[in-house]
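Me: I'd like to learn how to read a few local features in a model. Can we go through them one at a time?

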Amino acid sequence: MTNPVVRTEQKGDVALIIVNNPPVNAISSAVRSGLKEHVERAMADPATKAAVIACEGRTFVAGADISEFGKPPSGPSLQDLLNGMEAGDKPVVAALHGTALGGGFEIALATHARVIDPKGMVGVPEVKLGLLPGAGGTQRIPRLAGALVGLDLCTSGRFVKAKEALSLGLVDKVAEGDLREEAIAYARTLVGKPLRRSAEQQQPFDKAAFDKAEADVLKKARGAIAPAKIAECIRASTVGDFKQGEAVERKNFMELLVSDQSKAMRYVFFAEREAQKTPHLVGVEPRKVEKVGVIGAGTMGAGITISLINSGMPVTIVETSQEALDRGVKRMADTWARDVKLGRINQAVADQRMALLKPTTDFNSLADCDLVIEAVFEEMAIKKDVFGRLGKIAKKGAVLASNTSYLDINQIGEAAGRPEDVIGMHFFSPANIMRLVEVIEGSKSAKDAVQTGVAIGKRMGKLPIVMGVCDGFVGNRILATWRQVSDMLVEEGAMPKDVDDAMEAWGMAMGPYAVGDLAGLDIGMRRRKEFAHLRDPEKRDTGAIADAICALGRYGQKTGSGYYTYASGKREVDPVVTQIVEKASKDKGITRKPVSADKITSYIHAAMVNEACKILSENIVSRPIDVDMVKLNGYGFPVWRGGPMFEADRIGVDKVLATVKEVHKMAGKGFEPASLLEWMAANNKKFADIKPGDAKGK
Ligand code: 3HC
Ligand code: NAI
């Protein structure tokens, strides 16, 4: 039977072996058997002197088929196939285009030479799946380019452009014309010559430099286990022969493959893609956007504008005063100047970006924009005024978006007089870096307006997640809950540092108090004051400690102290805060008791899941994956836990519910177990079982 995904086109004495497995030529079992069959045939055919492996479609093989992991293996093993090919005495050359990744790049590494398209890239992103390159990559990369390069590529998973790949010795030639023809010509030059096999190469090894680089990698790993396993493999490549190194790689790969971390990260890979297909928007075309307006050139307005312009969109940015405008423009110019200095872009690109920026104090300049994003002060009266004016001057069909963190998009929509055009686009700070954008659908927002928010988010290289209106939307609403639980645990006996240490050891990028100090404590203090009259007296109030800290003018890092002091340049515990905490407990009549790290993390996680269940029942989002994507991409949740909902499935919904009940006992009103969670526990359901619509009203 002919293989459906691999074929050979004979080009005289060279066999051109072509893989065609759309969309990304992932190495399925059929690709493996096809490659084996066609390579062996070429090797056996006396008329064939050499072979070239190339791919159809948008890319060279982008890796193993991730959906096959965890299933019983079938077909030939990739390692055996590659080792056999490399050991052969006829030259095989890889013709690389698109992104040759993971197992795809490993195929190329086992050929005798690599020719790459100038726009092509190579990389081993397995670490992002909690894995390591498992088909010789950890052994062949250091043998070709040195152990430090191997460690860098395999632990960062970064993509390497053609020119750099050439300079690192990972490829042999950057094509100047037709990739396949040049690869065929290159293969012919190797016929009859001694073949250069990656597995047989050796590079000098600087142990001290490697030790240091490895220590840096492990420090950055934040609980992820794959980087240490990778470092072990790379080290093995420097001591024994290829077979010994390969054995270490195999053992470590198999361990990672069955680990919870890799399962979580593979889930994230597919969930990220799934999350971008909002069920009720499938098939809805976005509106056309060529010109964008931004209102407000503060922290967020400037960041959003940088991101829009970096994606090639011209932006008109409006401020109330020339001074505020100049400040915002300077911030953007400084960012691009820094990018030039760091070699990320050249001066010409920076100049092009500046040319796409139109700063003005004339609000009417927004009249020809297809999308306007508002990022002014977080006050409903100001937002209403801005949208009232915008509704009158913006062109028909323009999408009007607010970057509000908490405010009601429906009210803002009414103020504009055309709620169908109004959506929320909640970016995260720094907006030119953070990947998440919450796209808020008001009750009257038109579907194509919402889809426009999604499309623009994607164009900006972000991860847009669509959701309905509620206080704080998905991300900040859940954040508020776990902040309160943290505060209560501090009142009960933990110190802020205990909470931060526990959460950071659990894998969070930063604990809540370190984040508070970074973001500024004054914002929360002002919100507490402003909404004091709306506070439910039956709910446990946890503001006393933060208020006492703020009352000393300690607003966080910007004032040199907050929950911690930063006098030495490092985060340090301050006895003043310890006293404030102890006094707050005493004032409430609480006898402080030690709180274990396990209690801290399990309470905080359970509180997140419980609030998320309420959000799902209210149909603010319809899928647990939406919550996971928000927390992973906007709030520093450890990717190797998959997100709070995936983690809840790992722990067990019934166990999480039991913890939620304990949290409720401590926290009281507002922390009642979500009915969805109770229903799930009673019916033995996992979050993975919840399909769009399943949770609504439960
Ligand atoms: N396995 C299975 N499916 C894959 C896949 C893979 N390796 N890579 C991509 N896909 C699927 C995606 O799920 C998506 O499916 P959908 O259309 O149904 O949602 C489709 O292919 C297109 O992918 P993207 O939407 O991501 O397309 P982009 O053009 O944006 O990106 C890409 C292309 C850069 C290749 C990106 O898909 C990517 O990074 N893929 C993963 C690469 C990777 O991690 N490779 C290593 C795999 S592990 C491995 O090789 C182990 C080995 O060492 C033994
Ligand atoms: P900011 O104070 O840094 O900037 C606001 C800017 O808006 C100021 O430069 C001000 O001069 C300008 N402005 C005020 N009224 C205006 C008007 N009528 N027309 C034009 N410009 C006007 O505030 P920041 O932090 O950028 O916040 C803006 C919005 O983004 C708020 O709604 C906030 O809740 C939201 N947000 C803030 C985040 C943050 O971390 N700072 C994160 C996500 C959202």
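Reply: Sure, starting with polar contacts. A polar contact is a pair of N or O atoms within 3.5 Å; within protein, one must be able to donate a hydrogen and the other to accept it, and residues adjacent in sequence count only if both atoms are side-chain atoms. Here the side chain of Asn3 reaches the backbone oxygen of Ala30 at 3.0 Å, and also the backbone nitrogen of Val5 at 2.8 Å. A word on the ground rules: this is a predicted model, where local features need pLDDT of at least 70, side-chain atom pairs count only at pLDDT 80 or more, and totals for chains, interfaces and linings use all residues. Residues are numbered from 1 along each chain as its sequence is written, chains are lettered from A and ligands numbered from 1 in the order in which they are written, and side-chain values use heavy atoms, with hydrogens and water left out.

Me: Is Asn3 buried or exposed?

Reply: Buried means under 20% relative accessible area, exposed over 50%, and partly exposed in between (1.4 Å probe, protein chains only). Asn3 counts as buried because its relative accessible area is 14%. Contact means heavy atoms within 4.5 Å, and leaving out residues up to four places away in sequence, Asn3 touches Ala30, Ser33, Gly34, Glu37 and His38.

Me: How do I read backbone oddities?

Reply: Most residues other than glycine have a negative phi, and most peptide bonds are trans. Asn25 has a positive phi, near 55°, and is buried at a relative accessible area of 2%. Asn684 also has phi near 55°, but this residue is exposed, with a relative accessible area of 70%. As for cis peptide bonds, one runs from Pro22 to Pro23, with omega near 5°, and another joins Ser429 and Pro430, with omega about -5°.

Me: Which residues come nearest to ligand 2?

Reply: A residue is near a molecule or strand if one of its heavy atoms lies within 4 Å of it. Of the 21 residues around ligand 2, the nearest are Met300, Glu319, Glu378, Lys383 and Ser405. A polar side-chain atom of Lys383 sits 2.6 Å from an oxygen atom of the ligand, while a polar backbone atom of Met300 is 2.8 Å from a ligand oxygen.

Me: How much of ligand 2 does the protein cover?

Reply: Accessible areas come from the Shrake-Rupley method with a 1.4 Å probe; for residues, only the protein chains shown count as cover. On its own, ligand 2 has 830 Å² of accessible area, and the protein covers 78% of that.
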